Amino acid sequence: MKKKYAFLLMGPHYDPERHCAVFETGGQTTYICTVRSLDEARDKALALAADGVGAIELCGAFGAENAQTLIDLTRNQVAVGFCIHKREQDGLFSAFFSDSGDR
C-alpha cells in the first residue's frame with residue numbers, strides 16, 4: 001500500500017479547486033492542497049485523514065497554534081508538521097508577505 005502525504009498551503013488568494021496537485025511515485029502519493037482559511041484547513045485535514053493520509057505538512061501561515069489545532073482535530077493519528085524560519089529573517093518574511101496580492 002502506498003504512503004500518502006500532503007502539503008497544505010493557506011492564503012486568501014488560493015482557489016482550492018484549481019490550485020492543487022497530485023504526484024505519484026512507486027511508493028507514495030503526494031498531495032499539494034490549498035485552503036483560504038483555518039476553517040477550510042480543518043475540513044481538508046479531516047478529509048485527508050479519512051483518505052488515509054499519514055502525514056500533513058503545513059506552510060508557515062499556520063504556525064504552532066494552528067498546527068496543534070489540526071493535531072487535536074485528527075486525534076493525533078496523523079503526523080502534522082509546520083514550516084518555520086529563522087528569527088533573523090523575520091523582516092524578509094514580513095516584507096514578502098505584507099502584500100496580500102497574488103504571487
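Trainee: In this predicted model, which residue is the bridge partner of phenylalanine 7 in strand 4?
Mentor: Strand 1 covers residues 3-10 and is joined to strand 4 by 4 bridges, the two strands running parallel. Within strand 4, alanine 6 has isoleucine 56 standing opposite. For phenylalanine 7, the bridge partner in strand 4 is glutamate 57.

Trainee: Which side chains of strand 4 point to one face and are buried?
Mentor: Strand 4 spans residues 55-58, and its side chains alternate along the strand. Buried here requires a relative accessible area under 20%, and Ala55 and Glu57, which point to the other face, are not buried. The side chains that share the buried face are those of Ile56 and Leu58.

Trainee: Which residue of strand 5 does leucine 58 stand opposite?
Mentor: Strand 4 is joined to strand 5, residues 79-82, by 4 bridges, and these two strands run parallel. In that pairing, the residue of strand 5 opposite leucine 58 is phenylalanine 82.

Trainee: What is the order of the strands in the open sheet, and which are the edge strands?
Mentor: The sheet is open, holds 5 strands with mixed pairing, and has the order 2-3-1-4-5. An edge strand pairs on one side only, and this applies to strand 2, residues 21-24, and to strand 5. Neighbouring strands of the sheet are turned against each other by 15° on average, with direction ignored. The order asked for is therefore 2-3-1-4-5, and the edge strands are strand 2 and strand 5.

Trainee: What is the handedness of the β-α-β unit that strand 4, helix 2 and strand 5 make?
Mentor: Helix 2, residues 63-73, is the helical part of this unit, with strand 4 and strand 5 as its strands. Helix 2 lies across both of these strands and runs at about 170° to strand 5. The β-α-β unit is right-handed.

Trainee: At about what angle does helix 1 run to strand 3?
Mentor: Helix 1, residues 38-50, lies across strand 1, strand 3 and strand 4, where strand 3 covers residues 28-35. Taken against strand 3, the angle of helix 1 is about 160°.

Trainee: Arginine 75 and asparagine 76 lie in the loop between helix 2 and strand 5; what sign and value of phi do they have?
Mentor: Neither residue is a glycine, yet arginine 75 has a positive phi, and asparagine 76 likewise has a positive phi. Arginine 75 counts as exposed at a relative accessible area of 69%, and asparagine 76 is exposed as well, at 59%. For arginine 75 the phi is positive, about 55°, and for asparagine 76 the phi is positive, about 55°.

Trainee: What radius of gyration does the protein chain have, and why does it count as compact as a globular protein of that length?
Mentor: The protein chain has 3 helices and 5 strands, following the pattern β-β-β-α-β-α-β-α along the sequence. For 103 residues the globule rule gives 13 Å, and the value for this chain is close to that, so the chain is as compact as a globular protein of that length. The radius of gyration is 14 Å.

Trainee: What share of the contacts with a separation of 6 or more comes from residues 24 or more positions apart?
Mentor: Of the 103 residues in the chain, 26% count as buried. Among the contacts in the chain with a separation of 6 or more, the share from residues 24 or more positions apart is 62%.

Definitions and conventions: Residues are numbered from 1 along each chain as its sequence is written. This is a predicted model: local features need pLDDT of at least 70, side-chain atom pairs count only at pLDDT 80 or more; totals for chains, interfaces and linings use all residues. Side-chain values use heavy atoms; hydrogens and water are left out. Buried means under 20% relative accessible area, exposed over 50%, partly exposed in between (1.4 Å probe, protein chains only). A crossover is right-handed if, with the strands pointing away from the viewer, the path from the first strand over the helix to the second runs clockwise. Axes are lines fitted to C-alpha atoms, for helices over the stretch in contact, and angles run from 0 to 180 degrees between N-to-C directions. Contact means heavy atoms within 4.5 Å. The radius of gyration is taken over C-alpha atoms; the globule rule is 2.2 Å times the number of residues to the power 0.38.
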